[in-house]
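Reader: I've got a pair of chains to go through and I'd like to know what backs up each label. Can you walk me through it?

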2 protein chains.
Amino acid sequence: MDKQSLIDCHNRIKPFIHNTPVLTSRLIDEVVGAQLYFKCENFQRMGAFKMRGAANAIMQLTDEQKQNGVVTHSSGNFAQALSLSAKSLSVKAYIVMPSTAPEVKKDAVKGYGGILVECEPNLAARESASQEIVEKYSATFIHPSNDDHVILGQGTACKELLEEQPNLEYVFTPVGGGGLIAGTALSTHYFGSNCRTIGGEPFEVDDAYRSLKSGKLETNTTTNTIADGLKTQLGDRNFPIIQKHVEEIVRVTEADIVAAMRLIWERLKIVCEPSSAVALAAVFKKKNDLNEKKIGVIVSGGNVDFGNLPFK
Amino acid sequence: MDKQSLIDCHNRIKPFIHNTPVLTSRLIDEVVGAQLYFKCENFQRMGAFKMRGAANAIMQLTDEQKQNGVVTHSSGNFAQALSLSAKSLSVKAYIVMPSTAPEVKKDAVKGYGGILVECEPNLAARESASQEIVEKYSATFIHPSNDDHVILGQGTACKELLEEQPNLEYVFTPVGGGGLIAGTALSTHYFGSNCRTIGGEPFEVDDAYRSLKSGKLETNTTTNTIADGLKTQLGDRNFPIIQKHVEEIVRVTEADIVAAMRLIWERLKIVCEPSSAVALAAVFKKKNDLNEKKIGVIVSGGNVDFGNLPFK
């Protein structure tokens, strides 16, 4: 994945995405002792950066593949992103979701035009349901994070950020399935001026941290985190990019995440997901090394369960 | 207060305020059946439109008056707005606040450089404490809403909105002390093209609704509303403007307010105060008359008590 492939990807998806705003907060800058630039993907279409990768992946298909539709299994933002991108491109999207998923998530997928396929709530059932659809309709399976086109698409958020703030010295992102941080690391590498990518990851799902230490893909045994978008694991497509281009993964506690989330809501006056706050929580952890630096923070999304907020 | 006075006011305060963004939501438009343009004063400095009027009022003072400082009594956004405006203009601001006010509000005033003066928690004590400061320091009292310079300042939010969207047919604002709606009504009158101002007001504090009906200033006996910024009452400076230029005041229930607030948070991905949501709640009440119209909504502020959110 070279520089040109990122440029081409960005040009390709531009009609289908927003160039989201970059916000700043004098108070947060004072507290951190650095200049922070928040790239607000919570304002992205369907409320998260996932729209970028989904759109790019579908646009890469042949006409015949588009005719047959796409399929993924996700109960999170990628399900909505694939549904909406597919609809924008007049392609069918089959979304495999556990029958136990919240009705609000099922409704969101249907609202964006996705075809909901329910299955038993376990990974084997999700995979076999997806496989069935691939076989039955000749649909193309698109992975939410471990796919080159998805990775490139997610990297365009950081590309836009660097177009607006070319002198950033660091960009922080949350780490879940690895698509966003891998794409971001490619963008800082190709478009930054000595700009480094750092990931934030909850202690509860620290597969990326451990994978970087051990040099091989590690798995999570617990997923007890408020950052529900980060419960997924790295894959063989994004891990080598992360190994090569990511400076460090910083782990944060659940309390760190809630405190950072509250600061974003209170000071930037925006709604972000707990997963997004993990990036700012990591900035706080690294505070002593960041004095006076110019730092980008990817606010990954804003789809929140308002019936279950963590503030007291 | 003529057209030129609004233009002069806007030019005067521009260096001290943000021209806040205007956001839209496809889903909210679909639900209302109209095109809504949200003027996001929650992104204003100190988090609310009050910054505009406070800055204008201070800038109108003579050098000698500036030397002696300003005073107001408020435990809400105007306290912070006057503190921050005064600080930006190197003027002392004395803020009279009941001793029972939440520590977070006292801290906010002190954080913005205001001089906190605590008093007993009743109106008489607030007024006499303010009067004492006026006498002792020759400070100038500035009312949070019933002051011509404050009214003009608040009107600049709508002026900016109309510069961006000149063809609005209605602008909705919340109604509390009356400064925002009076200023807005002046702006729609002078800068709109047959654009009308409508106010939203909680049933619980419907003095403006009743005042317009009776033709004289009415008072509130209950103030049991979540919209804590709207508990204040109209005054003799803004009421005549409201009588002349406001089309209608629409009353909304507490449940209407919470539903509108949630919609703004969920769909626009921004944090707004309950008071702000009153304007959107009023739009919903008038839905049947607004088919296909272009409507401005002033999102008045974003200072929220996160420990006490109304979502379930």
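Reader: What makes a residue pair across the interface of chain A and chain B a polar contact, and how many does the rule find?

Author: Keep in mind that this is a predicted model. A pair needs N or O atoms within 3.5 Å, one able to donate a hydrogen and the other to accept it. Across the interface of chain A and chain B, 6 residue pairs pass, both residues being at pLDDT 80 or more. On the side of chain A that touches chain B, helix α12 (residues 254-268) gives the most, with 5 residues. That side splits into 10 nonpolar, 5 polar and 7 charged residues.

Reader: With charged residues there, how many salt bridges does the rule find across the interface?

Author: It comes up with 0 between chain A and chain B. A hit would take a side-chain nitrogen of Lys or Arg within 4 Å of a carboxyl oxygen of Asp or Glu, so no pair across this interface meets that rule.

Reader: How do you know which residues of chain A lose the most area to chain B?

Author: The buried area is about 1600 Å², with carbon and sulfur atoms giving 62% of it. In chain A, the top losers are A:Phe43, A:Lys269 and A:Phe306, together 41% of what that side buries.

Reader: Why is B:Leu36 said to be in contact with B:Leu280?

Author: Because contact means heavy atoms within 4.5 Å, and B:Leu280 is on the list for B:Leu36, along with others including B:Val283 and B:Ile295. B:Leu36 is also among the residues touching the most other members of the largest nonpolar core, which has 81 residues.

How values were computed:
Residues numbered from 1 in each chain as written. Chains lettered and ligands numbered in written order. Predicted model: local features only at pLDDT ≥ 70, side-chain atom pairs only at ≥ 80, totals over all residues. Heavy atoms only, no water. Buried area = accessible area lost by both parts, 1.4 Å probe. Polar contact = N/O pair within 3.5 Å; in protein donor to acceptor, adjacent residues only side chain to side chain. Helix = DSSP H or I, 4+ residues; strand = E, 2+ residues; numbered from the N terminus. Nonpolar A, V, L, I, M, F, W, Y, C, P; charged D, E, K, R; others polar. Core = buried A, V, L, I, M, F, W, Y, C linked by side-chain atoms within 4.5 Å. Buried < 20%, exposed > 50% of the residue type's maximum accessible area, 1.4 Å probe, protein only. Lists of a residue's contacts leave out its neighbours within four places in sequence.
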